[in-house]
Amino acid sequence: MSESPPIVSLRGVGKTFDSGTVALRGLDLAIRDGEFVSLLGPSGCGKSTALRILAGLSAPSEGTIKWSDAAAASRIGFVFQEPTLMPWADVAANVRLPLTLAHAGGADAAVTQALGRVGLADFAHSYSRELSGGMRMRASIARALVTEPQVLLMDEPFAALDEITRFKLNNDLLVLWQELRRTVVFVTHSVFESVYLSQRIMVMTPRPGRLFAEVPIDAPYPRDERFRTSADYAAYCRRVSETLERAMGAL
Amino acid sequence: MSERLKNVAAPLCMLGIVLLAWEVIVRAAAIPPYVVPAPSLVFTILINDAGLLFDSLLVTLGITFQAFALAAIGGIALGIAFNLWRGVERSLYPFAVVLQVTPIVAIAPLLLIYLPQPLAVLACAWIVAFFPVLANTTLGLNSVDHNLLALFQLHKASRWQVLWYLKLPAALPQMLAGLRIAGGLSLIGAVVAEIAAGSAGAGSGLAYRIAESGYRLNIPRMFAALLLLSAAGVAIYFLLAGLSHLALRRWHESALQREI
């Protein structure tokens with residue numbers, strides 16, 4: 001697994017905003033096909049910026065981004081920190097949006113399948129305001145999945161949810177990942193969440209962000225609530241916390 | 001009694017009390033009708049002069065609706081143009097503001113010199129009604145959720161797709177608010193222009209009737225015409241409010257009923 005070639009890599013990527021803020025400097029990342037990897041770092045370390053650069057939403061000020069094949073670069077699903085649903089459209093229309101924009105045929109079946117995958121099959125005709133925070137995020141994930149993306153980029157998607165809902169969505173996301181085997185790049189500031197979900201955690205330094213260390217999480221999948229209370233999990237969390245601690249001091 | 005019923009009943013009771021007091025005072029003090037007419041007299045005149053007054057009402061309403069339609073189309077179209085082409089906004093917006101802040105009463109006589117009278121009245125009403133539509137449309141189109149915009153960008157949406165699927169629906173509440181203001185203002189603009197044109201003769205709208213009745217000291221008819229104008233204003237307001245509610249009821253906060 002760890003020997004497969006990267007599907008996308010960043011080399012020496014830096015990003016300076018118009019305001020003069022240097023968000024990233026000398027960031028090197030390699031994402032391998034099919035893996036679940038987390039970008040972990042303190043608030044404002046540029047991890048969201050790195051994700052937006054991966055998505056092509058933002059151009060790096062310096063350095064290069066390289067995709068293994070050009071097709072993969074355009075097959076991206078993005079999940080924002082907020083559900084970012086259109087309030088005037090029902091759930092089905094929101095999920096269908098990427099297909100509508102691409103003038104894609106057969107949208108109905110794809111929408112039904114995506115909604116089924118996130119457990120929202122019965123809520124196709126509900127409006128965003130009628131849903132709970134967790135359900136809105138599920139709709140947002142369904143929208144990201146509807147195009148069958150090769151890479152799913154997630155920007156702290158569960159940060160605003162309560163813990164019970166977050167645990168549930170963590171588990172559902174892992175089930176989905178195992179089923180679909182897509183590459184997931186997951187940005188978070190939670191040590192516990194990153195350890196629970198990922199095969200590999202990339203710890204970033206404070207701003208200007210760069211890669212500080214990589215921590216592999218070798219615990220087997222499927223992971224469930226038993227993993228959350230295991231000694232392995234606690235040990236990994238301690239190791240990642242210590243690494244993050246050192247990253248905070250490294251500038 | 002339900003809240004809804006109370007909301008309707010309270011102002012109606014108030015109206016009844018005021019009208020009754022008005023009637024009693026006018027009769028008791030024997031105030032002549034050319035000073036203050038009793039409400040009953042105003043209603044009598046309204047019925048007696050119904051033909052004349054309703055013809056005038058139709059003239060004023062005709063101008064109002066034309067002005068409103070032109071303001072709606074023009075304001076929304078220009079708002080979209082502003083949003084799509086920054087250069088258009090930069091070069092035209094200041095003039096739209098100047099047009100708005102210059103008092104219409106001062107512009108009306110000038111327009112009456114250059115344009116035939118019906119057109120001048122329409123132009124006045126349009127100038128007043130146009131700006132709120134433009135300003136609200138511009139605001140609405142510019143306040144789109146930046147994450148949704150990023151999502152559209154990610155899926156390589158064309159600027160027309162962004163406009164049609166994102167900006168226009170997102171701006172709908174503000175656009176409708178602008179139209180609601182414009183509805184009332186079209187009527188006000190039409191009335192102001194008719195009054196300004198009144199001395200130039202030839203007018204036949206309701207505002208002209210008010211001016212004419214004033215010159216003739218036919219105060220009851222002034223009140224009757226005023227009553228019709230108010231009723232028209234209220235009707236326009238409720239029509240547009242209803243329309244706005246219908247368009248937004250499924251999703252927008254302003255149209256949702258909540259238990260707090």
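How many residues does the contact take from chain A and from chain B? In this predicted model, 16 residues come from chain A and 15 residues from chain B. On the side of chain A that touches chain B, β5 and α3 (91-101) of chain A each supply at least two residues. The most is given by α3(A), with 3 residues. By kind, the residues on this side of chain A divide into 12 nonpolar, 2 polar and 2 charged.

Strand β5 of chain A, which takes part in that contact, covers residues 76-79. In a regular strand, side chains point alternately to one face of the sheet and to the other. Both faces of β5(A) are covered: A:Ile76 and A:Phe78 lie on one side, A:Gly77 and A:Val79 lie on the other, and all are buried. The strand runs parallel to β6 (residues 151-155) of chain A, and 4 bridges join the two. One residue of β5(A) can be followed across this pairing: A:Val79 has A:Met154 in β6(A) as its bridge partner.

These two strands belong to an open sheet of 6 strands in chain A, with the order β5-β6-β7-β3-β8-β9 and mixed pairing. The edge strands are β5 and β9 (211-216) of chain A, each of which pairs on one side only. On average, neighbouring strands of the sheet are turned by 15 degrees against each other, direction ignored.

Further along the strand order, β3 (residues 36-40) and β8 (residues 200-204) of chain A pair in the parallel sense over 4 bridges. Here A:Leu39 stands opposite A:Met202 in β8(A). A helix packs on the sheet as well: α9 (residues 231-249) of chain A touches β3, β8 and β9 of chain A. The direction of α9(A) makes about 175 degrees with that of β9(A).

Chain B offers a pair of helices to look at. The axes of α3 (residues 50-84) and α10 (residues 219-248) of chain B come within 11 Å and cross at roughly 40 degrees. The helices α3(B) and α10(B) are therefore oblique to each other. Their crossing is right-handed. Where α3(B) and α10(B) meet, α3(B) contributes B:Leu53, B:Leu57 and B:Leu61, while α10(B) contributes B:Ala224, B:Ala225, B:Leu228 and B:Ala232. The residues of this contact divide into 7 nonpolar, no polar and no charged.

Definitions and conventions:
Residues are numbered from 1 along each chain as its sequence is written. Chains are lettered from A and ligands numbered from 1 in the order in which they are written. This is a predicted model: local features need pLDDT of at least 70, side-chain atom pairs count only at pLDDT 80 or more; totals for chains, interfaces and linings use all residues. A residue is buried if 20 or more other C-beta atoms lie within 10 Å of its own, exposed if 12 or fewer, and partly exposed in between; C-beta atoms are placed from the backbone. Two strands pair if DSSP finds at least two bridges between them. Two residues are in contact if their C-beta atoms, placed from the backbone, lie within 7 Å. Ala, Val, Leu, Ile, Met, Phe, Trp, Tyr, Cys and Pro count as nonpolar, Asp, Glu, Lys and Arg as charged, and the others, Gly among them, as polar. Axes are lines fitted to C-alpha atoms, for helices over the stretch in contact, and angles run from 0 to 180 degrees between N-to-C directions. Angles under 35 degrees count as roughly parallel, over 145 as roughly antiparallel, 65 to 115 as roughly perpendicular and the rest as oblique. A crossing is left-handed if the near helix is turned anticlockwise from the far one by less than a right angle, and right-handed if clockwise.
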